[in-house]
2 protein chains.
Amino acid sequence: MAEYKAPLTDMNFLLYQVFNADKMWQQLPQLSEQVDQETAIAILQECAKIAEQEIAPIARQGDEIGVSFSLNSEGVGGQVKTAPGYKEAFNTFAQGGWCALGGDINYGGMGMPKIVSAFVEEMLCSADISFALYPILTAGAALSLAKHGSEELKERYLTRLYSGEWSASMCLTESHAGSDLGIIKTKALPQAGGSYEITGSKIFITGGEHDLTENIIHLVLAKLPDAPDGPRGISLFLVPKIIVAENGNLGKKNKVSCGSIEHKMGINASATCVMNFDGAQGFLVGELNKGLACMFTMMNFERIGVGIQGMAAAERSYQNALEYAKDRRQGKALNKSSSELSSKPDSIMVHGDVRRMLLSMKAFNEGSRALSCYIAKQLDYATYGTGELQKKGETLSTLMTPLAKAFFTDLGFESTVAGQQVLGGHGYIREWGQEQLVRDARIAQIYEGTNGIQAMDLLMRKVVGSKGTMIKIFIEEVRDYIKAQQGNMVTANAMGEFIEPLENALKDLDDVSSLLLTKSQDDLNEIGAAANDYLHVFGYTAMAFIWAKMAQVSLEQLNGLTNSDDELNEYGEDFYQSKLHTARYYFARLLPRRLSLLATIKSGSHTLFTIEDNLF
Amino acid sequence: MAEYKAPLTDMNFLLYQVFNADKMWQQLPQLSEQVDQETAIAILQECAKIAEQEIAPIARQGDEIGVSFSLNSEGVGGQVKTAPGYKEAFNTFAQGGWCALGGDINYGGMGMPKIVSAFVEEMLCSADISFALYPILTAGAALSLAKHGSEELKERYLTRLYSGEWSASMCLTESHAGSDLGIIKTKALPQAGGSYEITGSKIFITGGEHDLTENIIHLVLAKLPDAPDGPRGISLFLVPKIIVAENGNLGKKNKVSCGSIEHKMGINASATCVMNFDGAQGFLVGELNKGLACMFTMMNFERIGVGIQGMAAAERSYQNALEYAKDRRQGKALNKSSSELSSKPDSIMVHGDVRRMLLSMKAFNEGSRALSCYIAKQLDYATYGTGELQKKGETLSTLMTPLAKAFFTDLGFESTVAGQQVLGGHGYIREWGQEQLVRDARIAQIYEGTNGIQAMDLLMRKVVGSKGTMIKIFIEEVRDYIKAQQGNMVTANAMGEFIEPLENALKDLDDVSSLLLTKSQDDLNEIGAAANDYLHVFGYTAMAFIWAKMAQVSLEQLNGLTNSDDELNEYGEDFYQSKLHTARYYFARLLPRRLSLLATIKSGSHTLFTIEDNLF
C-alpha cells in the first residue's frame, strides 16, 4: 500500500487561487483575528504530518484487531478497548491542540473556519476514518453545545472537549427509530435542582464508549413525559459518563453504560455502541422540545464532513491504485506497432480501462474536494458573515449540505471500488489495504441520514420547500459565472470547451427543477421518485461549475495572466496541466451521466408506484 | 435475514414459457436422452431444497469463521480446515449426485445442459458463494478434462470428480502473471514414462487445498523449457495432490503443497491458496502448447457461471431487503392527506427511493436470470446442436460470454449495495447478513478475468475481431423479433411501449458498433477507451430485448392467448402482472442508462490518452 501523501498543493490551490479564502478572512472580522494564509498553511502542513506519520500507520491493524468489548466486573455494561496504537495516536493528536481546531475561542477553541477544518477532516479520514470519527464526532457535539448550551455547561464541558481530555458522542438512533426520530422512546424526567433523569436505549452510537479519554459526554435526544408527539417533542440533553463536580473534578459514574458493540462491515476500529441510560443524570441543552433544531446546528457541519469521508477514502484509494498501476506490468499497449513489441509487458497504465478508472477517481476526488471547499466557504459566510453575504451563504450551504453528504459519498464509494478494481485480485486481499477503504467508505452513504434521506432533504425540503428560490440562487450564481467567462476576452476562447457544456447542464438543471416543482403540486410521489436522480443531476452540474472554475484558474496561471511572486503561484506547469486535462476528462466522460438521470426523472413516478407491494 | 427461497417459478417460466427449453431438448438428440421437462423440474426442485436447507444455513458462520490454515508437521506446506458444517454439507451434496450434473455421461456424468445447470449454479451461489465455488470449480476443471484429456486420464479422474470423492482446482495465476498468462514461469520437464515434473508457484487458487475431499486434482498451466514465448507456449497439466495408482487407489503424496491462504474481503469460507509445485508429477492434458485453448473450453462455461454469481448474491440481497422493507416502519407516505396521518409510521415500502432500489434490484435480477438463460441456451446449441443452429449458438454464446460475466457481476454488485442500503444502518452490521453479500459479490467482478478484461474481450476480440459480423448476428436476431412483434396483430398494440424503445436502443447499438469499427482502423486506443461503456450499452440493450420477450409472454398469458391446462401456465395473474410492471420499470428507469454511456463513448479516447502518466 502506498504511503499516504496529503494533497496539500491541491488544498492551497483551492484556498488561495480558486476560492480566495484569504480575502474572505479579511472580509469577516470574526475570522480575521483567528486565521490568515500563513496560519492556515501551517495548520494544514502540521495536520498532514500527523495524518501521514501518526494516524495512517495504525489503520490496517485497527481494521484487523478492531475494538473489543468486555463486561464490567459488576455485570452492568462493559468496557471498550481500542486497537493498538489508537490511544497513543489520540494523545498525540489531543496534545497538538487539534480537538480545539474549530472550537469557540471563548472556551479555548481556535475558531478555525470550516474552509480550513474541512481539509483537516479530509486528511484525518484519508489516514483512517475509524480514528478520525472520535475527534470529529466530539467536534460536532461541541459545536451544538457551543451554540445552544448554557454558560455553565459550556464552561464545564466545552473546555475539556477542546483540550481532548474528554470526548463526546451523539445519541440519536433507537432500534425502532433511525431516519424517523419523531418516534424515539427515551424519556427525560425533570428532577429537583434542574437536571433530568434520562432512561432509554440508544443504538449505533459512534464512540459511545472507549478508552481514549477519561470522560465521555453524551448528547442525547429524549422526550419529557408530557412532550408533544413527533419531532416537536424532542429535547436534547447532555449526559456525562462520569458526573462532573462543580469544581470540574470527576465524581462517580453516571447511570449510563455500554451494553454491547456492533460487528460491522468496516470502520472496525471505531466503537459503535449500544448505550443504555438507566435514570442517568442529564442536563438540558437549549430549549425544551427544540432538541432536533439543536442537533441540526451540528448536522450541517457534520454532513459536509461525512461527504468528505467518502472523498477522503477515495483519495487514499487513488494514491494506492496509481502506485500499483505504474508498477504493475501486464499486457501490452494496443497502439504499438509489432516492431515495438518486446516480450516484456507494459505497465498497466497503458490500458484504456485502467486510465478510465484512475481518471474518474482523480476527477471525482479533486472535484469533490473543490466543491466541498466551495460549500465550506458558504457555511463560513453563513456563520461569520453579515447582510447579503451571510444570507446567500446560509442559503447555499443549507441547500448544498445534503448534496455534499450524498454526492461525495456515492462518488467516494464508487471510486474506492474502482481503486480496488485497478489492483485486480490483489484489491480483494486484506493485506493490500484497498478493500478496507471500500468497506470503510461504505458507511458514509448510510449514517448521518442515509443518502436517500439526503436526496429528499434536498429536493423536498429545500428545492420544493422554498418554491424553487434556493436552487435559483445557485443557478444564478453559475449563470453569472458563465456570463463573466463569456465576456472575458482573454480566456473566453480557451474556456469555451467548458462553458458551453456547463451552460447546457445548467439549463437542464433549471428546467428539471421547474418540472419537478410543477409536478409536486399534483403528486408528491413524483418528488420521492425523482429525489435520488435529481440530487445527482445537481451534483454533476455543480461539479462541472467547479471544474470550470479550476480550469479557468489553471488557464490563467498557464498563460501568465496572474503574475505573482508568491510561491503559492508556483506549483509548476504540470500541476495546472494536470488540472486542465482532468477538467476535460470530467466534461467529456463524467458530466454526460446527467443525461440518463434526466431521462429517468422525466419518466415520472408511475412505474414506481403503480405496482402493488404484493407484486414485488 | 430472510430465509432464502429459490425462485423456481421464475426459472420454470423462463425455461418453458420464454425460451422453450423443452422444444430445444427434443430438437437435440444428445440432450433428448438426458433431459426432459419432468427431469429438469425435479432437478431444480431438489436443488432448491439442498440450497435452502443445507447450504444457506452455513453461510453466515462460514463468513465469520472462514477457512483456517496450519502448517504440516513436516513443515512443508500446510492444511486447510473448512468452516463448521462445510464437510457435512459437501457430503450431502456429493451423495446427492450433484457433482455429476453437467458431466460427460460416458464417465458417470448426468449430461445436463447449461440451461439447467446455470439455474443450479444460481441457487448454490444464492445460498453461499463460498460453498458453491468448491463444486463449481471442480465442474469447470472436469469439463476441460472431458474435452481434452486422454481416455486414461478421463477414466482415472473424471469418474471420481463426478462422484464427489475428489475435487479439482485450476492453477493459472502467478504473482506476476494474472490477466497476462503469457508470462507465467511455472516449468514442466518431460520425464521418462510420459509424465512431467512441474515446478512453480501459483497464487489465488480457489479450493487449492481443503479437507472436503480425499484428493484434489489440480489443472496447472506451465511451460516446457523449449516452449515458444508468450501464450502460445503454455501447456496444461493434471497434477493430483495424491498420486493415483493404476488401479485407482491413492498412493503417496505428490510434490505439491499449499504455502498459505489469503485473507480476503469476502468469500471467507472459500480457500484461496498459494500452491507450490516442487517437481510434482503431472500429466499433459490436450496438446503441448495448446494449454490456453484447453482452459478456454472451460472458461466460457465458467464465465457465464461467474456472471450468475453476481446475480445470485443480488437475488439473496433482494429477498432480504424486501422482507426488511415490508417490516420496517419509518416515516410517512408523502401523498397522504393530513387526516390519514396517524402517529404510527408507515412501512418504508411507501418511500419512492426504497421502491426505486427494490425495483432496480428486481429488474436487474430477473433480467440477468433471463439473459443468462438465453446465453446458456445458445451455449447448449453450440455444444449439442448441428448445422446453422450450432453455428449461431456458437457465435452468440462466444459473443455474449464476456457480457454475461461482466454485466451481471456489475449489476449484481450494484444490487447487493442497494439491498444493503435498504436496511440502513442494519445493512452495515455483520449479523444481518446483507453486507456479506456485498463482500462476496465483489470478487465476481475481479476473478476469472476482471470486468475490464471482459470488456476488451467483447469489443476487441469479438466485435472488432470479427469485423462486426458477430454483433450483427445478435442485432439481426433482435430486429427479427421486433418485426415479428410489430406484425403480431394481437399483441402489437400492447407491446408498443416496449418495442419502440427497444428499436431505438438497438439502432444505437448498431450505430455505435459501426462507429467503433471505423475508429478501430485508425486508433486501437479508441477501443480500449470505449470497451467498458460499450459492454454496458450492449448489456442494457440485450436486457431490454429479454424484458420485452418476458413482457410479451406475460401479456399473452394474461390475455389467455396461450390456453393450456399445463400447470406451468398457471402461475397466476400476479406473477405475470409483476413481470409486466417490472418490464415497464426497466424500460422507463434503467434502459436510459445507455444514453450517458453512448455520449461517453462518442467523446472519444483523447481525454484518456493525451494526459501524460506523470500528470496523474
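## A buried aspartate in chain A

Asp346(A) touches a group of residues that come before it in sequence: Arg328(A), Arg329(A), Gln330(A), Gly331(A), Lys332(A), Ala333(A) and Lys336(A), leaving out residues up to four places away. The structure in which these contacts are found is a predicted model. Asp346(A) sits in the loop that joins helix H9 (291–327) to helix H10 (352–384) of chain A. With a relative accessible area of 11%, Asp346(A) counts as buried, because buried means under 20%.

## Chain A as a whole

Chain A has 19 helices and eleven strands. A compact globule of 616 residues would have a radius of gyration near 25 Å, and chain A agrees with this, having 25 Å. Along the principal axes, the C-alpha atoms of chain A fill a box of roughly 85 × 60 × 60 Å. Of the contacts in chain A with a separation of 6 or more, 75% are between residues 24 or more positions apart.

Buried residues account for 66% of the 616 residues in chain A. The chain exposes about 21,300 Å², and carbon and sulfur atoms supply 49% of that area. Chain A has 56 positive and 73 negative charges, and the mean positions of the two sets are 3 Å apart.

## The nonpolar core

The largest nonpolar core holds 438 residues. Which of them touch the most other members? They are Phe474(A), Tyr586(A), Phe474(B) and Tyr586(B).

For Tyr586(A), the contacts beyond four places in sequence include Ala363(A) and Phe364(A). Gly539(A), Tyr540(A), Met543(A), Ala544(A) and Trp547(A) are also in contact with Tyr586(A), as are Leu591(A) and Pro592(A).

## Two acidic residues in chain B

Glu174(B) lies in the loop between strand E3 (166–171) and strand E4 (187–190) of chain B. Is Glu174(B) buried or exposed? Its relative accessible area is 3%, so Glu174(B) is buried. Beyond its neighbours within four places in sequence, Glu174(B) is in contact with Ile184(B), Lys185(B), Thr186(B), Ser201(B), Lys202(B), Ile203(B) and Leu221(B). Ser397(B) is 223 residues from Glu174(B) in sequence, and their C-alpha atoms are 29 Å apart.

Asp574(B) belongs to helix H18 (residues 573–590) of chain B. With a relative accessible area of 43%, Asp574(B) is partly exposed. Apart from residues up to four places away in sequence, Asp574(B) touches two residues of chain A, Asn614(A) and Leu615(A). Within chain B, Asp574(B) and Leu558(B) are separated by 16 residues in sequence and by 9.6 Å from C-alpha to C-alpha.

## Positive phi angles

Most residues other than glycine have a negative phi. Ile267(A) has a positive phi of about 35°, although it is not a glycine. Ile267(A) lies in the loop between strand E10 (256–261) and strand E11 (272–285) of chain A. The relative accessible area of Ile267(A) is 2%, which makes it a buried residue.

In chain B, Glu448(B) also has a positive phi, near 55°, and is a residue other than glycine. Glu448(B) is placed in the loop between helix H13 (434–442) and helix H14 (451–464) of chain B. Glu448(B) has a relative accessible area of 16% and is therefore buried.

Terms used. Residues are numbered from 1 along each chain as its sequence is written. Chains are lettered from A and ligands numbered from 1 in the order in which they are written. This is a predicted model: local features need pLDDT of at least 70, side-chain atom pairs count only at pLDDT 80 or more; totals for chains, interfaces and linings use all residues. Side-chain values use heavy atoms; hydrogens and water are left out. Helices (H or I, at least four residues) and strands (E, at least two) are DSSP runs, numbered from the N terminus. The radius of gyration is taken over C-alpha atoms; the globule rule is 2.2 Å times the number of residues to the power 0.38. Buried means under 20% relative accessible area, exposed over 50%, partly exposed in between (1.4 Å probe, protein chains only). Contact means heavy atoms within 4.5 Å. Accessible areas come from the Shrake-Rupley method with a 1.4 Å probe; for residues, only the protein chains shown count as cover. Lys and Arg count as positive and Asp and Glu as negative; His and the chain ends are not counted. The place of a charge is taken as NZ of Lys, CZ of Arg, CG of Asp or CD of Glu. A nonpolar core is a set of buried Ala, Val, Leu, Ile, Met, Phe, Trp, Tyr and Cys residues joined through side-chain atoms within 4.5 Å.
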